[in-house]
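Reader: I should be grateful for a close look at a single part of this molecule. Please describe the annotated domain and the sheet within it, step by step.

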Amino acid sequence: MNKIIKYVLYDIVRNKIVVAYTLFLLLLSIGLFNLGGSPDKGLLSLLNLVLLTVPLISIVFGTTHFYNSYEFMELLVSQPIRRSRIFLSEYLGVSLSLSAAFLLGVGVPVLLFAPGATGLYLVLTGLFVTFIFVALAFLASVITRDKAKGIGIALLLWFYFALIYDGIVLFILYSFGDYPLEYATLALTALNPVDLGRVLVLLNLDVSAMMGYTGALYKSIFGSGWGVGLAFVVLLLWVLVPLLASRKVFQTRDL
Amino acid sequence: MIAIENLSKTYGKLAVLDNLSVRFEGGRVVSIIGPNGAGKTTMSKCILGMVLPDSGDIKFNGESVLKKHAYRRQIGYMPQIGKYPENMKIRQVIEMVRDIRKDATVIDEELIGLYGLQNMYDKRMGSLSGGTKQKVSAALAFMFDPQVLILDEPTAGLDPISAEILKCKILKEKKKGKLILITSHIMSEVEEVADEVMCLMDGTVKFHDTIKEIKQQANEERLSRAIAKIMNEED
């Protein structure tokens with residue numbers, strides 16, 4: 001497996017987008033920590049920006065990389081090597097390099113300016129979101145052969161998870177405000193990895209007191225080690241489901 | 001050596017391969033001919049596992065190849081149009097494939113030498129001409145001393161000298177008992193290197209005979225004429 005990852009990584013490092021991404025994250029983190037008065041404020045602003053940009057860059061970069069590696073995969077498919085190995089090497093190559101960029105760009109500043117459990121959750125959430133959105137990117141890429149369509153689907157997925165989903169949740173909460181919605185909200189959060197990550201980090205900051213009953217419920221669940229563990233299991237599912245689905249499609253299609 | 005059994009493949013509504021059954025034995029050069037879109041490339045890609053058939057089976061030395069990968073150690077493939085990652089150098093492509101096929105005991109670098117590819121090792125694949133890419137494809141196909149060679153229009157982009165080198169190499173490998181499948185449209189070339197001709201039409205075998213038999217059957221001296229005659233007769 002690592003033989004092929006080596007060549008995938010080599011290809012990614014050469015196209016310099018990952019280097020630019022690292023620098024961008026680094027600037028963002030250092031800037032936000034220096035702007036805000038307390039490290040907590042810095043973390044909060046960083047969280048919001050990370051949850052917006054990391055999914056976008058992961059999904060767009062993942063999709064374009066997949067289409068640009070078509071020739072590479074075609075070359076390998078006629079060699080004595082399993083298709084799933086080619087696919088997973090591509091996946092790991094992309095997600096590991098983006099994760100490395102994230103660790104350098106966000107992980108190191110967080111460690112310097114705001115070390116602690118909240119910072120750790122933020123970094124873990126960012127890493128999970130990277131893996132999740134690269135998996136979604138690969139899913140979008142195996143669905144269609146057309147590069148423009150693939151990137152379109154990828155962008156739609158990002159819009160959905162980053163913007164539209166929150167609108168839908170707000171709409172539901174508003175329309176059914178007369179009913180007890182605590183557990184429903186909890187379920188709705190689990191259905192969006194970005195929201196799940198956000199709640200996970202927010203509850204470790206003191207702002208959760210402002211979130212009312214639902215916030216209290218969240219606090220009682222995510223405040224415990226068991227609840228945090230469960231949240232990470234759900235995030236892991238969010239990585240595995242699109243990844244395995246796209247691997248299945250990749251294995252049963254013609255090249 | 002390779003047996004294709006009732007192979008079918010459709011793209012949308014178009015049946016590219018229609019219940020195709022055929023056997024190929026070692027030590028022979030088989031030329032696969034047929035009109036454009038007859039399913040020649042699809043058949044080779046099915047053998048390689050790049051295209052997955054809808055039904056039917058392909059057996060390599062008696063074992064089904066579907067969903068397997070190890071058998072490809074014994075196959076060298078030269079695609080019609082070699083597509084390579086643009087920013088990899090020739091050296092890296094060759095090293096990578098060697099890395100993947102590490103367990104190959106014999107490394108045959110004859111074609112690399114004859115085509116002078118060493119002098120171009122540091123050129124990017126994206127900057128190469130079509131013909132040079134073909135040379136790289138040919139060198140890679142023959143490199144690991146495979147039992148089966150699948151060459152898809154191998155001489156189409158090559159200059160006459162390089163094409164001649166390739167033909168000599170094909171005949172040399174045939175003597176070692178290998179099976180060589182060539183798709184080609186150039187009849188003179190088919191006559192030069194092939195022992196058998198298999199004609200595909202609309203996804204099924206139109207005929208599959210030795211060159212001698214085909215000439216006798218049609219009562220013609222030249223292969224191209226003989227084939228044209230057979231194809232017209234049956235229409």
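Author: Over residues 2-227 of chain B, in this predicted model, the chain is 33% helix and 27% strand, and the C-alpha atoms at the two ends are 25 Å apart. An unreviewed UniProt entry lists these residues as "domain: ABC transporter".

Consider next an open sheet of chain B, in which six strands follow the order 6-7-8-3-9-10 with mixed pairing. Strand 6 (75-78) and strand 10 (204-210) of chain B each have a single partner strand, so one side of each is left without a neighbour in the sheet. From one strand to the next, the twist averages 15°. Within the sheet, strand 3 (residues 29-33) and strand 9 (residues 196-201) of chain B run parallel and are joined by four bridges; B:Ile33 has B:Cys199 of strand 9 as its bridge partner.

Helices pack against these strands. Helix 1 (residues 40-48) of chain B touches strand 3, strand 6, strand 7 (148-152), strand 8 (179-183) and strand 9 of chain B, and its direction makes about 145° with that of strand 7 of chain B. Helix 7 of chain B lies across strand 9 and strand 10 of chain B, running at about 100° to strand 10 of chain B.

Helix 7 (residues 211-218) of chain B also meets helix 8 (residues 223-233) of chain B: their axes come within 9 Å and cross at roughly 60°. This crossing of helix 7 and helix 8 of chain B is left-handed. Among the residues in contact are B:Ile214 of helix 7 and B:Ile227 of helix 8. The residues of this contact comprise seven nonpolar, one polar and two charged.

Terms used. Residues numbered from 1 in each chain as written. Chains lettered and ligands numbered in written order. Predicted model: local features only at pLDDT ≥ 70, side-chain atom pairs only at ≥ 80, totals over all residues. Axes fitted to C-alpha atoms, helices over the stretch in contact; angles between N-to-C directions. Left-handed = near helix turned anticlockwise from the far one by under 90°. Contact = placed C-beta atoms within 7 Å. Nonpolar A, V, L, I, M, F, W, Y, C, P; charged D, E, K, R; others polar. UniProt positions renumbered as here; feature names shortened; annotations may be inferred. Pairing = 2+ DSSP bridges.
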